[in-house]
Amino acid sequence: MDMLNVNFQSLELANQVTIQNIDNQPFPSNIEENSLLVKGNLYYYKIGQQNLSDGKVMESWLSYVLYAGLLKFRFKKTRYKINLGLSLREYYQNIRNYIAIKRQKKLSLFDGSKEISKTLDIVAFTISPNIYAQAIACTKITSHQSFIVLKFGIEDFEGIYYNPELTKEKQSYILGDGLGDHCISLNYDGPNQKKGIQEMQKELTQDAKIKKCIKQYFSNQIDRKISKLTSKNKKTPIIIIFEGNISEYIGEFIASLIKPNEVILKLSKPNTLASEGLYALDEFETYDAFNEKVGVSIGTDKTTFTSRKNNLLIS
């Protein structure tokens, strides 16, 4: 669900970079739609492509993915203000790794059959928690001034009591284990009513096991964390965000367990939501016409970029 209007667009790249020797190698043709190929002095760098059988995977993917995403947008400008978003765990434990990112990079990039060479500069740079940016994006679709956002993911559970009067550092946050650490079959779509009696009984048994597991996850892991946000704010509405590998059926069951506060919205695509909120964090573009602002949300396996359409070159 796009929080911003049609003048904005987003793109995704996988958080993966592989390198392949140029010597005696033909031009690689197996490049996925949302991936890029960069040619260095000694290597081809395949950026944002998953499940590769050839090449060596680089651990230091961040700088390559960030600059490749900026170039993939095909902006008229080559100087950028970046609002970067991280998970709460990364934000509080590893933020130094992101602060030290290179501020200039020259790329010779192959996009399809075209070669594009540019020098890109990052002139301003901020870092925020993705959950805070998601709350900012939610202000565009709810009339409530304050609300609680709970994000259910496979690796992490995150929450925020959003108060528009407070800075990001002074918001109330919660962090816990993700559903994937405690439950399985989170993409389960519910019992199939068209199946025979025996098969239906098996599905109902599976359904009961999954729901029991999720209830235990709540009671053992996150009920107390959620109560930290709701105990003093019992009338504050809740917005829930689910990662894409959690089915709508499982999401509805999770929502039913959250009490006493009212759940007013159930959303998906947390990375896209965060990148839209990151773009909306400031009014940089209104007082600096020489640079382009981009919201960049780093997720578990993908990075999502959001910016304005009207500053893009026509392909």
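1. In this predicted model, E283 is partly exposed, because its relative accessible area of 47% falls between the 20% and 50% cut-offs. E283 sits in the loop between helix 7 (270-279) and helix 8 (284-287). Its C-alpha atom is separated by 9.2 Å from that of K293, a residue 10 positions away along the chain.

2. Two packed helices are described by the angle between their axes and the distance between the axes. For helix 5 (residues 197-230) and helix 6 (residues 248-256), the angle is about 45 degrees and the axes are 11 Å apart. Helix 5 is therefore oblique to helix 6. The crossing of these two helices is right-handed.

3. On the helix 5 side, the contact is made by D207, I210, K211, I214, K215 and F218. Helix 6 contributes Y249, I250, F253 and I254. By class, the contact residues are 7 nonpolar and 3 charged, with no polar ones.

4. An open sheet of 5 strands follows the order 11-10-9-12-13, and its pairing is mixed. Strand 11 (172-177) and strand 13 (263-267) are at the edges; each has a single partner strand, so one side of each lacks a neighbour in the sheet. From one strand to the next, the twist averages 15 degrees.

5. Strand 12 (residues 238-242) and strand 13 run parallel and are joined by 4 bridges. One of the residues involved is I240, whose bridge partner in strand 13 is K266.

6. Helix 4 (residues 130-138) lies across strand 9 (147-152), strand 10 (156-162), strand 11, strand 12 and strand 13. Relative to strand 10, helix 4 runs at about 50 degrees.

Conventions. Residues numbered from 1 in each chain as written. Predicted model: local features only at pLDDT ≥ 70, side-chain atom pairs only at ≥ 80, totals over all residues. Heavy atoms only, no water. Buried < 20%, exposed > 50% of the residue type's maximum accessible area, 1.4 Å probe, protein only. Axes fitted to C-alpha atoms, helices over the stretch in contact; angles between N-to-C directions. Parallel < 35°, antiparallel > 145°, perpendicular 65-115°, else oblique. Left-handed = near helix turned anticlockwise from the far one by under 90°. Contact = heavy atoms within 4.5 Å. Nonpolar A, V, L, I, M, F, W, Y, C, P; charged D, E, K, R; others polar. Pairing = 2+ DSSP bridges.
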